[in-house]
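Reader: Hey, I've just opened this one and I'd like to talk about the empty spaces inside. Can you walk me through it?

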2 protein chains.
Amino acid sequence: MTTGPDITRIAALLGDAGRANMLQALMGGQALTAGELAREAGVTPQTASSHLAQLEAGGLIARRCQGRHSYFALAGAEVAEALEHLTALAGRVGHLRTRPGPRDPEMRRARVCYDHLAGDAGVALLDALLARGRVEDRDGSLLLTEAGQAFARDFGVVLEGAGRRPLCKACLDWSVRRSHMAGVLGAGLLSRIYDLGWARRVEKTRIVRFTAPGLHAFEQAFGPVGREGLSRSTGII
Amino acid sequence: MTTGPDITRIAALLGDAGRANMLQALMGGQALTAGELAREAGVTPQTASSHLAQLEAGGLIARRCQGRHSYFALAGAEVAEALEHLTALAGRVGHLRTRPGPRDPEMRRARVCYDHLAGDAGVALLDALLARGRVEDRDGSLLLTEAGQAFARDFGVVLEGAGRRPLCKACLDWSVRRSHMAGVLGAGLLSRIYDLGWARRVEKTRIVRFTAPGLHAFEQAFGPVGREGLSRSTGII
DNA sequence: TCGACGCTTCGATCGCGGACGAACCTTGGG
DNA sequence: CCCAAGGTTCGTCCGCGATCGAAGCGTCGA
């Protein structure tokens, strides 16, 4: 009789081609939606949903619901490491990743996500707020600091009368695959960006188009758009 | 879209309880007969024969026929290492066996990992080698120093004729969740520990039981067993 | 030479789980 | 308010593989 942890559950999870393909796709580190993973595995959404539920129950992946999307990511670095190890044992190398995302570069750059800014600009926004201590990451949930409250007031964002809606909320960006700022603060900031004339919505689309001086002012206030953000070191996906 | 290595095949092999038990039994490093493995897995000889044929075809075990017996052993150290790694992941995500068993504490203290020492003692061994400069950590891979070569020679470990197998290798310990010493040096050290009478294998298990003077000598040579190791300050997990 | 033993092969059974169609729920956008 | 789309649940089908009985094959000991 052997002792120690039971590898059969995990191995059985990895032993199905569909699930293995999904995990390989997640090896890139990006969070992917259920639909994308279904396409990656070559199965229907129903089947993928079943597989993903099993992987989540098995502790190999983490789910994050975002609107009508379910984003999935590997549960941690140990999982990726073990996958690499198994891959090495299998004797071959090379993994394939999907590179999903909007085809429209403008959409990637800056768009509206319900009522707040998304895309490169939205991610840069949250990066800057985190880097300057206006928002803190408390175990995955965002917290508005006193400095952040002062900043919001100066910027012209009204935070009062929010009701039950959270002030700060991390929203997973579907093009950058990292978090941007949602919640009351996110909505208020975008509203002010409109008001200041930095940017405006493109009709019939979700695209947010910055004016040249507006983009300059935005980058002065928050940071460069479309680069490797500062929040890489934070726990925020 | 799956062009990568076939981890599915190997994982599926590990995903069956019978086969997994057989492999765990083989983690002791000794070759076992088909009948012994059948008893270990709790299946009939016919079923075991089928499983063993699959494991052999999958390259995880090697068969050696002697008379009317078929002896099986793990195909190599890398198989044992991958198994240990998977076990560590299983322990991390909480897939514990339903019955821990009374031998569990002894297994955690000192056991065999294929051909080298694992558990508290194995981790302490690597800690001591690192602390005394006999082994160095070069970006996660271990390097035997000249002082280490001298030490190995004095201790009676033969390092020559190793073939392609690495001299030093870090192997993730599933019970301590830190690395212990594998590779030619790890195997040679355990061999010498046996020869010196410091410890011996408990029959039919992976447990390594130290004698009282043997444990004292080991701790003199390498460091205390079962405490916070010395390598906390090093990069090795 | 014979029987016992160890292992393997063959054949049949059967249960688990992967697959998908259909329906349902929620969300986002107009 | 309505519609479209993403995701999940439910129910069903079906194929793979684990399992074991029975038989076959080689080896060992008397």
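**Cavities in the model**

Author: Sure, let's start with the residue classes. In the largest cavity, the lining divides into 3 nonpolar, 1 polar and 3 charged residues. Keep in mind that this is a predicted model.

Reader: OK, and which residues line that largest cavity?

Author: From chain A you get A:E78 and A:E81, and from chain B there are B:H85, B:A88, B:L89, B:R92 and B:L172.

Reader: Which helices supply at least two residues each there?

Author: α5 (77–90) of chain A and α5 (77–92) of chain B. The most comes from α5(B), with 4 residues.

Reader: How much space lies in it?

Author: About 60 Å³ for the largest cavity.

Reader: Switching topic: how many cavities of 30 Å³ or more are there?

Author: The count comes to 3. The second largest has a volume of about 40 Å³.

Reader: What classes of residue does the lining of that second largest cavity have?

Author: There are 9 nonpolar residues, with no polar and no charged ones. Chain A brings A:I10, A:L14, A:L60, A:V79, A:A82, A:L83 and A:L86, while chain B brings B:L86 and B:L89.

Reader: And where does the largest share of that lining come from?

Author: From α5(A), with 4 residues. α1 (8–14) of chain A and α5 of chain B also supply at least two residues each.

Reader: Hang on, B:L89 sounds familiar.

Author: Yes, B:L89 lines the largest cavity, and B:L89 is also in the lining of the second largest.

Conventions
Residues numbered from 1 in each chain as written. Chains lettered and ligands numbered in written order. Predicted model: local features only at pLDDT ≥ 70, side-chain atom pairs only at ≥ 80, totals over all residues. Heavy atoms only, no water. 1 Å grid on protein atoms, 1.4 Å probe; cavity = no way out; pocket = protein on both sides within 12 Å on 5 of 7 lines; lining within 4 Å. Points joined across faces, edges and corners; volume = space filled by probe spheres on them. Nonpolar A, V, L, I, M, F, W, Y, C, P; charged D, E, K, R; others polar.
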